[in-house]
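How does one decide that a structural term applies to a given part of a protein? Please examine the model below with that in mind.

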Amino acid sequence: MRCSIKETSLNKFRSKKWSKKALRGRKNLEEEMIQIDGSRGGGQLVRTALSLSAATGKPFTIKNARGQRKQSGLKPQHLAAIKALQQICDADVEGAMSGSTEFSFSPRKIKGGTYTFDIGT
């Protein structure tokens, strides 16, 4: 997958409050972290949370990712999406590994450029 991103267009969309916090090191990260129960969702919930987080600058944690699936947890295609957005917005990611049912994503400023990602599916 190849995409081009203009840094100014997406960063203007973000709230100034969140952007300033994103660049400061996030001292109160747990207080501002959005908590998502992924037990009733699938991969689309993971991808939607990632894209909204990157666009708004708001961090989140998903617990029970893909919880009602036969094989719950993150699959390679979900990890590829996480790594792609991690690169695009210089995010801090914790707990994202194959089979993981919980991870957190804390975006920083979106970096414009042309990116190429191999999703693998």
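The questions and answers that follow set computed values against definitions.

This is a predicted model, in which local features need pLDDT of at least 70 and side-chain atom pairs count only at pLDDT 80 or more, while totals for chains, interfaces and linings use all residues. Residues are numbered from 1 along each chain as its sequence is written, and side-chain values use heavy atoms, with hydrogens and water left out.

Q: Why are strand 4 and strand 5 said to pair?
A: Two strands pair if DSSP finds at least two bridges between them. Three bridges join strand 4 to strand 5 (residues 103-106), so the rule is met, and the two strands run antiparallel. Strands are DSSP runs of E with at least two residues, and helices are runs of H or I with at least four, both numbered from the N terminus.

Q: What makes strand 2 and strand 4 edge strands?
A: The open sheet has four strands in the order 2-3-5-4, with mixed pairing. Strand 2 (34-37) and strand 4 (92-94) each pair on one side only.

Q: Why is the pair of phenylalanine 60 and phenylalanine 103 called edge-to-face?
A: Rings of Phe, Tyr and Trp (its six-membered ring) pair if their centres lie within 6.5 Å; planes under 30 degrees apart count as stacked, over 60 as edge-to-face and the rest as tilted. The centres here are 5.7 Å apart and the planes make 75 degrees, so the pair is edge-to-face. Phenylalanine 60 belongs to strand 3 and phenylalanine 103 to strand 5, 43 residues apart.

Q: Why is phenylalanine 60 called buried?
A: Buried means under 20% relative accessible area, exposed over 50%, and partly exposed in between (1.4 Å probe, protein chains only). Phenylalanine 60 has a relative accessible area of 2%, and therefore counts as buried.

Q: How do you know that aspartate 92 and arginine 108 form a salt bridge?
A: A salt bridge is a side-chain nitrogen of Lys or Arg within 4 Å of a carboxyl oxygen of Asp or Glu. The closest N and O atoms of aspartate 92 and arginine 108 are 2.8 Å apart, so the definition is satisfied. Aspartate 90 also meets arginine 108 in a salt bridge, at 3.8 Å from N to O.

Q: What makes arginine 108 partly exposed?
A: Arginine 108 has a relative accessible area of 25%, which therefore falls in the partly exposed range.
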